[in-house]
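Hi,

Here is the structure I promised to pass on. Have a look at it first, and then read my notes below.

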Amino acid sequence: MSKVALVTGGTRGIGEAICTALKDAGYTVVANYGGNDEAAKAFTEHTGIPSFKFDVSNFEKTKEAIEQIATDYGPVEILVNNAGITRDGTMHRMDFEQWNAVIQTNLASCFNTCRAVIDSMREKGFGRIVNIGSINGQAGQYGQVNYAAAKSGIHGFTKALAQEGAAKGVTVNAIAPGYVDTEMVRAVPEEVLKKIVAKIPVGRLGTPEDIARSVLFLIGDEAGFITGSTLSVNGGQHMY
Ligand code: NDP
């Protein structure tokens, strides 16, 4: 039986590439998405991967959906927390909704999903959790106090849960992508994007596949000794 993997925000962008890479590697993949039914339908038709609509920022709905996935496919053994949004603005212009939406969707969601899968992973003595952070959670970014705080929180969350899971065969790691060519980044004004690319030593944006390959590595059996780490995948833009 192939292992069951849930990828949140799996129907577009980086998540779609992760789903495809995992499916190609033989995992049983289930994708989640938040509201874009059209994209999810096209994704499922194109890849054959089922997509489940639920808001990862909602604790109860997430719990119910993950129980349903366990009934339909088996308990989730691999969880990739990838769903994320931006609601940018400088602090003096940001309202509470912008702050809260990003914290709930990008950070609280990790609690919601992990809480729903952690018991079965611990019972089984195996689990792989990969949380998608960001270069902007490591370095901060103008106009993104909400996003930088949420992503930075993911890195702390990862290290704490890694300590709890280690003796039970559950590894927890984070990936901190740099700028990757998806709709999220295409929303950045062209002039700003040019300046960003100029600061990337390898001279290009990342691709969703660059991130997907890193996820594949971290969930593999050969990565069982890696836990609590953050893998920076950013073309050399931020090193520390
Ligand atoms: P996209 O905007 O292309 O896709 C986001 C995905 O998340 C969609 O599938 C979307 O579903 C889903 N989603 C959003 N909100 C929710 C929600 N409340 N519940 C469930 N699903 C939700 O994003 P990217 O592929 O660019 O980014 C993926 C991850 O990588 C994010 O966490 C992002 O912060 C991170 N990242 C991205 C970088 C980049 O340069 N692109 C750089 C660093 C990190 P729907 O289609 O229904 O809206």
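Around the ligand there are 30 residues, and the closest of them are Gly9, Gly13, Gly34, Asn36 and Gly84. Sorted by class, this shell holds 12 nonpolar, 15 polar and 3 charged residues. Three elements each give the shell at least two residues: helix H1 (13-24), strand S2 (28-33) and helix H7 (183-186). Do keep in mind that this is a predicted model.

Now for the fold itself. The protein's secondary structure adds up to 9 helices and 7 strands. There is an open sheet of 7 strands, and if you walk across it you meet them in the order S3-S2-S1-S4-S5-S6-S7, with parallel pairing. The edges are taken by strand S3 (51-53) and strand S7 (230-233); each has a single partner strand, so one side of each has no neighbour in the sheet. On average, neighbouring strands here are turned by 20° against each other, ignoring direction.

If you want one pairing to zoom in on, try strand S1 (residues 4-7) with S2: they run in the parallel sense and share 4 bridges. Leu6 has Val30, in S2, as its bridge partner.

Next, the helices that lie on this sheet. H1, which also helps to line the ligand shell, lies across S1, S2, strand S4 (78-81), strand S5 (127-132) and strand S6 (170-177), and runs at about 165° to S2. Helix H2 (residues 37-47) packs on the sheet too, where it touches S2 and S3, and its direction makes about 160° with that of S3.

As for annotation, an unreviewed UniProt entry marks residues 3-178 as "domain: Ketoreductase". In the model that span is 53% helix and 18% strand, and its end C-alpha atoms lie 29 Å apart.

And the overall shape? The C-alpha atoms fill a box of roughly 50 × 40 × 35 Å along the principal axes. The radius of gyration is 17 Å, which agrees with a compact globule, because one of 240 residues would have a value near 18 Å.

Cheers

Conventions. Residues numbered from 1 in each chain as written. Predicted model: local features only at pLDDT ≥ 70, side-chain atom pairs only at ≥ 80, totals over all residues. Near = placed C-beta within 6 Å. Nonpolar A, V, L, I, M, F, W, Y, C, P; charged D, E, K, R; others polar. UniProt positions renumbered as here; feature names shortened; annotations may be inferred. Pairing = 2+ DSSP bridges. Axes fitted to C-alpha atoms, helices over the stretch in contact; angles between N-to-C directions. Contact = placed C-beta atoms within 7 Å. Rg over C-alpha atoms; globule rule 2.2 N^0.38 Å.
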